[in-house]
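Here's a quick briefing to read alongside the coordinates. Pull up the model and follow along by topic.

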Amino acid sequence: MTHAPIAFQSNPGKYLFEGTTQLVNAHAEKLGPDAKAPLAVMPSDGMVEFSDTGSGTPCRGMIFLEDLEKLYTVHSSSCYKITSDGTATRIGTVPGTDTVQMSRNQKTDPEVIIKTDAGVQVIASDALSYVTDTDLTSHGDVITADYVGGYSVYGFEDRVFFISSLNDAKLIDPLDFATFEQRAGKLVRVVEDNGELIGMCSTNMEFWRDTGNPDFPFQPIGFKSRGLKAANAVAKSDNTIIFPGNDNNVYRLDNYNPIVISSNEVSRLIQDDASAEDMLGFSYDRGGHAFSVFKGTDWTRTYDAATQVWHARQSYGQDTWRAQHSVKAFGKTLVGDRLTGKIFYLDSDTYTEDGGTMTWKVISPPMHVFPNGAILDMVSFDLATGYGTLSGQGSNPKIMLRVSKDGGNTFDQYRELELGATGNFRATVSAR
């Protein structure tokens, strides 16, 4: 008997003969030396409805205020407050359909800052209002905003950034501004990371620290020659930030050093995406895995910090995953939806998305027998059997198998293999 290779990541070659290895809605998990094998392929979590805003429109962004047990989410031109029982209440208008950047301060009655293409708004006591201080608005359009060390930071394309008064998002002193000036280029995003301010420009990034100086609290402490590709594709994960660079690689920031973590496939996807600047990035933690998700025009790839490899996410009948934006809230991992106005929670015991079909796919590496070739008489799979449901869909679970004999260029017809009904833990899964 020969052990056939199994895919533990998505990393297909540029050409099919190199291999078409893929994990779709599945990820590898380390098992350790006492297990049957060092790694296993696990199914990704399904999605269950937590709340429905009723807007019928995609989620533009969300933020959770843990101390107040409030979730705020933006859909189409509306902002909603969602409570722990899933009740959604519309609290006001947020114009546009663009992705929003949301942050909060530590005011006694916290303010939530919403940066949109139409301007900067603030939620206070569940009411929306605009930031209208002319010391800020006279400089132009705010393109990015975040909260760092007690201050709301507002950035402009010319690399100038203003800060608000301490925990007062709408009050700006005309002298409270500075410039990311180490290199020419456009500012793309300001980001808080571990209490420090990062100015992520098109060609470089600058690191600033709050020194407590009463005249202006932030001072530069470092510089790196790596720019940001997409403003809304910065994922906070594994105690750092992960982002697509201006060279089409994905980076993990490690002690101020950008380290490449993208596979060649992921870099090619970014390179070939005509709308790469519109990529979306978000992150979530599940079962000891820190996942960073990046969504392009027609692809979604997820980096797993636990194994340091990538896998693909797809919703049924689509090239991309419908989930977008995420928060940890009410004891659940919540994600927004690209197709509806719903908010879902991820659940490891659910194998559907909003009750609909969810596929789990493994495309193995090529099996090489050189130079004489071989006859493949039978293949057996080591799968979890006997875990079907008692009735309905899943009571007689099956997998579908296809085989390619020409390096992944073409595959034969699907055949179905039974996984064994509930309790049949000794079922065997094989095909001749």
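In the hairpin of S22 and S23, which residue takes a positive phi? That's Asn-248, with phi near 75°, in a hairpin that has 5 residues between the strands. Before going further, note that this is a predicted model: local features need pLDDT of at least 70, side-chain atom pairs count only at pLDDT 80 or more, and totals for chains, interfaces and linings use all residues. Residues are numbered from 1 along each chain as its sequence is written, and side-chain values use heavy atoms, with hydrogens and water left out.

**Strand S22 and its partners**

- Helices (H or I, at least four residues) and strands (E, at least two) are DSSP runs, numbered from the N terminus.
- Strand S22 covers residues 240-244, and 5 of its 5 residues are buried (buried means under 20% relative accessible area, exposed over 50%, and partly exposed in between, with a 1.4 Å probe and protein chains only).
- In a regular strand, side chains alternate between the two faces of the sheet.
- Both faces of S22 are covered: one side has Thr-240, Ile-242 and Pro-244, the other has Ile-241 and Phe-243, and all are buried.
- On one flank, S22 runs antiparallel to strand S21 (residues 235-237), joined by 3 bridges (two strands pair if DSSP finds at least two bridges between them).
- Ala-235 has Ile-242 in S22 as its bridge partner.
- S21 and S22 make a hairpin with 2 residues between them, and Asp-238 in that turn has a positive phi of about 55°.
- S22 also pairs with strand S23 (residues 250-254), again antiparallel, over 3 bridges.
- Pro-244 has Val-250 in S23 as its bridge partner.

**Salt bridges**

- The structure holds 19 salt bridges (a side-chain nitrogen of Lys or Arg within 4 Å of a carboxyl oxygen of Asp or Glu).
- The turn residue Asp-238 shows up again here: its side chain meets that of Arg-252 in a salt bridge at 3.0 Å, N to O.
- Asp-238 lies in the loop between S21 and S22 while Arg-252 is in strand S23, so the pair ties together parts that are 14 residues apart in sequence.
- Asp-238 counts as partly exposed because its relative accessibility is 37%.
- Lys-115 and Asp-117 form a salt bridge at 3.8 Å, N to O.
- Are the two ends of that bridge buried or exposed? Lys-115 is buried, with a relative accessible area of 5%, whereas Asp-117 is exposed, at 62%.
- Arg-415 bridges to Asp-412, with the closest N and O atoms 3.9 Å apart.
- Both ends of that bridge are partly exposed: Arg-415 has a relative accessible area of 32%, and Asp-412 is at 28%.
- There's also a network of salt bridges linking Glu-49, Lys-342 and Asp-354.

**Aromatic rings**

- The structure holds 18 aromatic pairs (rings of Phe, Tyr and Trp, the last by its six-membered ring, pair if their centres lie within 6.5 Å; planes under 30 degrees apart count as stacked, over 60 as edge-to-face and the rest as tilted).
- Take Phe-64 and Phe-330: their ring centres are 4.9 Å apart and their planes sit at 70°, so the pair is edge-to-face.
- This pair links distant parts of the chain, 266 residues apart: Phe-64 is in strand S5 (residues 59-65), and Phe-330 is in the loop between strand S29 (323-329) and strand S30 (332-337).
- Phe-64 and Phe-330 are both buried.
- One aromatic cluster brings together Tyr-151, Phe-161, Phe-180, Trp-208, Phe-216 and Phe-218.

**Charges over rings**

- The charged end of Lys-332 sits over the ring of Tyr-345, 4.3 Å from its centre (a charge sits over a ring if NZ of Lys or CZ of Arg is within 6 Å of the ring centre and within 35 degrees of the ring normal).
- Arg-402 lies over the face of Tyr-414, at 4.5 Å from the ring centre.

**A long-range contact**

- Met-47 lies in strand S4 (residues 46-52) and is buried, with a relative accessible area of 1%.
- The C-alpha atoms of Met-47 and Thr-350 are separated by 6.9 Å, though the two are 303 residues apart along the chain.
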